[in-house]
Protein chains: 4
Amino acid sequence: MYILCLNCDDRPGIVAAVANALCDSNCNIEESSQFDDPYSNQFFMRVMFSAVTEGAEEKFRNMFEAVSEEFGMNWYMREMDEPVKTLVLVSKDDHCLNDIIYRWRTKHLNIEIVGVVSNHTVNQELCEQFGLKFYYVPTQGVDKNEIDERHFRVIEKTGTELIVLARYMQILSENMCERYAGRVINIHHSFLPGFKGAKPYHQAYERGVKLIGATAHFVTENLDEGPIIEQDVMRIDHRDYPEKLQIRGQDTEARVLARAIEMYAERRIFLHGTRTVIL
Amino acid sequence: MYILCLNCDDRPGIVAAVANALCDSNCNIEESSQFDDPYSNQFFMRVMFSAVTEGAEEKFRNMFEAVSEEFGMNWYMREMDEPVKTLVLVSKDDHCLNDIIYRWRTKHLNIEIVGVVSNHTVNQELCEQFGLKFYYVPTQGVDKNEIDERHFRVIEKTGTELIVLARYMQILSENMCERYAGRVINIHHSFLPGFKGAKPYHQAYERGVKLIGATAHFVTENLDEGPIIEQDVMRIDHRDYPEKLQIRGQDTEARVLARAIEMYAERRIFLHGTRTVIL
Amino acid sequence: MYILCLNCDDRPGIVAAVANALCDSNCNIEESSQFDDPYSNQFFMRVMFSAVTEGAEEKFRNMFEAVSEEFGMNWYMREMDEPVKTLVLVSKDDHCLNDIIYRWRTKHLNIEIVGVVSNHTVNQELCEQFGLKFYYVPTQGVDKNEIDERHFRVIEKTGTELIVLARYMQILSENMCERYAGRVINIHHSFLPGFKGAKPYHQAYERGVKLIGATAHFVTENLDEGPIIEQDVMRIDHRDYPEKLQIRGQDTEARVLARAIEMYAERRIFLHGTRTVIL
Amino acid sequence: MYILCLNCDDRPGIVAAVANALCDSNCNIEESSQFDDPYSNQFFMRVMFSAVTEGAEEKFRNMFEAVSEEFGMNWYMREMDEPVKTLVLVSKDDHCLNDIIYRWRTKHLNIEIVGVVSNHTVNQELCEQFGLKFYYVPTQGVDKNEIDERHFRVIEKTGTELIVLARYMQILSENMCERYAGRVINIHHSFLPGFKGAKPYHQAYERGVKLIGATAHFVTENLDEGPIIEQDVMRIDHRDYPEKLQIRGQDTEARVLARAIEMYAERRIFLHGTRTVIL
């Protein structure tokens, strides 16, 4: 099974062209979703297909070159079962890391964890218990460029495609944000209404909020404001003191981040300016 | 804007054939979803498209005849803004009826209520306040066939497409179930776990269930067991006595039924044996 | 059945004193909840009790005077079935108004709607259909004090206890906020993350948020920032254009506002500085 | 901080008696909830209190003996921070086990895992990685009484209070159910509507259910029908094939089981015939 993802300016004939190329190269469409954003006139398509005859997918790939040029498409094609090479960045909190490790080792997430990078050593043991390579990259008093260099080296060496900030409490450099745009997913808590400043769980307690949530998003230079991938909330009440709110928030963070990674691994997420399209 | 819905046995070339027919008749695909059920090898497709030139949709309709025959498709095509002619059947409880009337008069649901049929008169005033035609069809001591006859007459006279059982507490005849298969939506309460027999809210209280829900489904001869369209639940606790559970359940029923009608009106529901596919 | 609500500084002996006064006056506690906020040292208590002998509640009321003075309590006592005299303020949107009317006429909410005030006339017919007194109080070009005067007159004349802003799109005066502090409930949409400025549903679409919600809160001079009573969210996706987001948001608003009114009518809400305690 | 839990037949004076005993022994009530079930006339109470002077809790315990006798109470008192000695029983699936281990080692659950019992060895390594004692008690071809004996020995030796069936796929003996009534929590999947028989996720797929859930309950001799503690659901759609439904179901199971254990550890659960009261 293969996945084809593409986007381009909308105009008549795109679906026909894609479907014809698949049909002519002996491929069968198994699932397909499309979306045409009326505000930007952008067209998005995700197609799962199987090769009816051997090598049909290669035939399609070649045939599709011309189609994609004609319509000015961004596109890629992947084997569906191919796990996404994923690098996890983490600081001290391990609730997301623990959850990702579980889903990786039970194959609930179609990823290969190629390593874990941390600016602390507290999670080294957990990683090594499960045979994961751990990279200690301290950030305290270290030059930003040097940190970048070390990160880039790990990313390149491991062939990382997806970078997951699983409670990595450092701001990424502009350079890193640009270089890996659309490939870095972050998770952070969210509240209704939002709070600025420190100690958000204490603020939430003070305001008596009834829901606390989490947002997974692509990382951009605008901290915590990148295109949203997934969100969820959990119900709380006035008895939940700030420490308990934090535990509840962490549960929600782990769950939301896992779903974002799952959608990435299933090639469902399309980055579209300040937003995402999930097909 | 138009909507095309189709299903047929899966085989290579379906999407290409549909897309080519649309493209060749000067129609532009705006949104499209497909699903291929691997267990039954059935293919389902919903396409929203616009006519780029005048009359293009008629050209497409003619051109598509040949395609649909080639693939043995069930299909229909509708103008998207055309409201669905809907007949509401109700007994005494009015929580669903009130909700449907509100969504109809505010155009939140793309339906035209062509009438309300009831085996009681308590809801006559509410209907007439909003200018709805009310048909009183008593069932107590009346011959089943005669009831059917009166229902059929209303349905035919009004050109009803969709029949909504908005807490209609009578079992429909086999004849009626067959005649309008896939066009009658019912709502009923659901519990985790399910309860058989009378007074379900008392049973739920006795078992201390924590969630009560509702299920909207197509009506078949198997009472309350037709293909499921939509479901939702609401959280309750041990303090909620049976009367309060019932109010909570009614809220959920109204909400779930409204979503099922919305999906029907948007032509998203495909009946598929014992289940539905929502595109 | 009666309800006693009280709050005071926490210190040993409060519950014993309340329970003794109830016991000694022949009243039986049916349900009781308490909360002691460790951050402010405030104690909150809600007790439902029945009179075992005739007139026991009056005996208790007299006996309790001394207790409440000893502990410096804020308190009140109500008959449980006594509906809360409620005045609804509304502008043009009727989704909350329609929902409140339904719950009032089916007795799902233990309120008596003593009137509806609006700065527009579009909802007059709906109100009068259900026999509700409608007060047209225009705001365009009218002096703030004069508006206040007219509102105050309606409130006093009708014996209003609770004021519900059911999408009333005007900012209440400082004077009104102070005068009815803790008795005015407002509903507004909420997003994760929050948006400032106009057209929030368009902003939500642009940011691709996955959840939209609503918050019911007590009105204070800080617009949309009063103590939160209830919140909920609904799931949306990238296909939901701004107009649909608005319909979804309105559903959530009506549901959340109804729950806030229900909790008020059940005497569960305690105002506590910038937050609420729900017992 | 201490927790007092009690239940007895309802009659006037219970709260006063409890509160007086606390007050007279120099204890301060911090949080208290009560519930009086009108159907069974049973009264339930959970009180959190602190000792104002040294040894006040012991004084209270002695003083309370007389009160509890007078009202015929079932009761117990615990130090709040004292972790609940918990034995986990598991078969092959580790999604619940992994989650419990995480919450235990991060102290998100106030439990001490005194051991893990399994009828398979696949989870031995995971347990030992985290320093947990693992007991292999095979069940294949082993006499029921012998299994019981081995279980009982572990339970007694470890001083186990709470037994958690974290996907333990064996039916407990009548003997064990009776002996540890109200101390064994099980988790199982739940559907709307419920399904009987094997392969429930395939059945759920066939019926096109839209929600799958999980129920945590006390174990009784009626398999999967004991008093419900906690429930939750997750949304699915027609594309989710049975294997994916299973993963979703497992997520829900782990989450619901964790909440049930949390409520047990916080001494919030009262067993009440076929149901529970959560205070």
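**Entry 1: the contact.** I began with the place where chain A meets chain D, and I counted 23 residues from chain A and 23 residues from chain D in the contact. I note here that the model is a predicted one. I then looked up the area buried between chain A and chain D, and it comes to about 2000 Å². Carbon and sulfur atoms give 38% of that area.

**Entry 2: charged and polar pairs.** I looked for salt bridges next. Between chain A and chain D there are 12. I picked out one between side chains: E262(A) meets K244(D), with 3.8 Å from N to O. I also looked up polar contacts, and 15 residue pairs make them between chain A and chain D, both residues at pLDDT 80 or more.

**Entry 3: the chain A side.** I asked which elements of chain A supply at least two residues each to the side that touches chain D. They are strand 2 (27-37), helix 3 (95-105), helix 4 (124-129) and helix 8 (242-265). Helix 8 of chain A gives the most, with seven residues. I sorted the residues of this side of chain A by kind: 12 are charged, seven are polar and four are nonpolar.

**Entry 4: the symmetry.** I laid chain A on chain D. A turn of 180° with a shift of 0.0 Å along the axis does it, at an RMSD of 0.0 Å. The two copies are therefore related as by a two-fold rotation axis. I looked for the C-alpha of chain A nearest the axis and found that of Q129(A), 3.6 Å from it. Last, I checked the contact residues of chain A: 100% of them recur in chain D, and the same surface serves both copies.

Technical notes
Residues are numbered from 1 along each chain as its sequence is written. Chains are lettered from A and ligands numbered from 1 in the order in which they are written. This is a predicted model: local features need pLDDT of at least 70, side-chain atom pairs count only at pLDDT 80 or more; totals for chains, interfaces and linings use all residues. Side-chain values use heavy atoms; hydrogens and water are left out. Contact means heavy atoms within 4.5 Å. Buried area is the accessible area (1.4 Å probe) that two parts lose on being put together, summed over both. A salt bridge is a side-chain nitrogen of Lys or Arg within 4 Å of a carboxyl oxygen of Asp or Glu. A polar contact is a pair of N or O atoms within 3.5 Å; within protein, one must be able to donate a hydrogen and the other to accept it, and residues adjacent in sequence count only if both atoms are side-chain atoms. Helices (H or I, at least four residues) and strands (E, at least two) are DSSP runs, numbered from the N terminus. Ala, Val, Leu, Ile, Met, Phe, Trp, Tyr, Cys and Pro count as nonpolar, Asp, Glu, Lys and Arg as charged, and the others, Gly among them, as polar. Copies are superposed by least squares on the C-alpha atoms of residues with pLDDT of at least 70 in both.
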